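Got the viewer open? Let's take a short walk through this one, one selection at a time.

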Amino acid sequence: MKKILFIGAGSMAEALIQGWIKQKVFTAQEIYVTNRSDKDRLHFLHDTYGVNCNFDDAIYQNADLIILAMKPKDAIAAMRELKPKITEQSAILSILAGIAIATIIEHLGARLVARVMPNTSATIGMSASGIAFNDKVTAEQRSTFLQLLEAVGSVIEVNEDQLHAVTALSGSGPAYIYYLMEAFERVGTKVGLPKDTVRLLMTQTLAGTAEMLKQSVDEPDVLRRKVTSPGGTTEAGIKALEQYHFNEAIEACIKEAEARSRLLANSK
Ligand SMILES: NC(=O)C1=CN([C@@H]2O[C@H](COP(=O)(O)OP(=O)(O)OC[C@H]3O[C@@H](n4cnc5c(N)ncnc54)[C@H](O)[C@@H]3O)[C@@H](O)[C@H]2O)C=CC1
Ligand SMILES: O=C(O)[C@@H]1CCC=N1
């Protein structure tokens, strides 16, 4: 029987809880969840998934894994509260954007820390996660952490500094794609299709395009040219994207997000 303790009960905690239960990595009885004060949220998680939200402090010492899942701005206060309850041997998995392993060790005294940047698609086993470890994590522990993340999608090991870029790309990435879908649906209805038809067409287009990129040996620009007939519709569409500075917008988006991750790291 394992004990997995979440500190923080928000969207990302819920995504991992759902993913791990669905993939049978942990049973609901093995998962313990706490947050700062929102008891309704804990009741919801208990009622929906069956996880433990009412437990005594012994769990903090006995937990096999403690997951830091609060907002970065709340991390220092949360770690101060947590420190007296855990041991130096506690294994910590942090999903916090921009909070360095060194900061976690400084405030928690824990030695064994993995930092992961998952995304909300962990809910359906489709997260794209980046992970970094501190040097106290053994090869065996690394492979356990990697298996946990592989159970809810794909995971790639990076050095800690690269986690800022991972956060800006795949951590925030689902939001960019949802934003894009909002725009497709808004405009799709303006050009004459019902919203649910646009949703069907464009979710399949996104899925098909992602699968083509995975399976094809061609680079994206080669695949793009295969869609773009001279004088055709795609060419007209891409020209409009260029006129509206699509590349600059994407560059600003990723750079701003990456810079924010660094800012969060430096403000601690
Ligand atoms: N939402 C996302 O797509 C992703 C979020 N993350 C990271 O996951 C973390 C959580 O994000 P969300 O789930 O979106 O946030 P959220 O705002 O939905 O949830 C945060 C939770 O932390 C709890 N909390 C705050 N202070 C606390 C304290 N002192 N002790 C215990 N619990 C405390 C809150 O009560 C709440 O349950 C953030 O650090 C974020 O950077 C990482 C990858 C993706
Ligand atoms: O917006 C955020 O700060 C978090 C990190 C990646 C996704 N959500």
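Start by selecting α1 (11-22) and α4 (75-82): each of these helices supplies at least two residues of the shell around ligand 1. Keep in mind as you click around that this is a predicted model.

Now show ligand 1 itself. You'll find it sitting in the second largest pocket. Bring up the residues around the ligand and you should have 21 of them, with Ala9, Ser11, Met12, Met70 and Ala97 coming nearest. Try colouring that shell by class: 12 residues are nonpolar, 5 are polar and 4 are charged.

Next stop, the polar contacts. Which parts of the protein do the ligand's oxygen atoms meet? Pick Met70 and turn on its backbone: a polar atom there is 2.7 Å from an oxygen atom of ligand 1. Then go to Ala97, where a polar backbone atom is 3.0 Å from a ligand oxygen. For Lys71, switch to the side chain, since an N or O atom in it lies 3.1 Å from an oxygen atom of ligand 1.

With those contacts on screen, add a surface. How much of ligand 1 does the protein bury? Taken alone, the ligand exposes 840 Å², and the protein buries 83% of that.

Last, zoom out and select residues 3-98. An unreviewed UniProt entry annotates this stretch as "domain: Pyrroline-5-carboxylate reductase catalytic N-terminal". Colour the span by secondary structure and you'll see 38% helix and 17% strand. Put a distance line between the C-alpha atoms at its two ends, and they lie 26 Å apart.

How values were computed
Residues are numbered from 1 along each chain as its sequence is written. Chains are lettered from A and ligands numbered from 1 in the order in which they are written. This is a predicted model: local features need pLDDT of at least 70, side-chain atom pairs count only at pLDDT 80 or more; totals for chains, interfaces and linings use all residues. Side-chain values use heavy atoms; hydrogens and water are left out. A residue is near a molecule or strand if one of its heavy atoms lies within 4 Å of it. A polar contact is a pair of N or O atoms within 3.5 Å; within protein, one must be able to donate a hydrogen and the other to accept it, and residues adjacent in sequence count only if both atoms are side-chain atoms. Accessible areas come from the Shrake-Rupley method with a 1.4 Å probe; for residues, only the protein chains shown count as cover. On a 1 Å grid over the protein atoms alone, a cavity is a set of points where a 1.4 Å probe fits but cannot get out, and a pocket is an open set with protein on both sides within 12 Å along at least five of seven lines; lining residues have an atom within 4 Å of a point. A molecule sits in a cavity or pocket if more than half of its atoms lie within 2 Å of its grid points. Helices (H or I, at least four residues) and strands (E, at least two) are DSSP runs, numbered from the N terminus. Ala, Val, Leu, Ile, Met, Phe, Trp, Tyr, Cys and Pro count as nonpolar, Asp, Glu, Lys and Arg as charged, and the others, Gly among them, as polar. UniProt positions are given in the numbering used here, feature names are shortened, and annotations may be inferred rather than shown by experiment.
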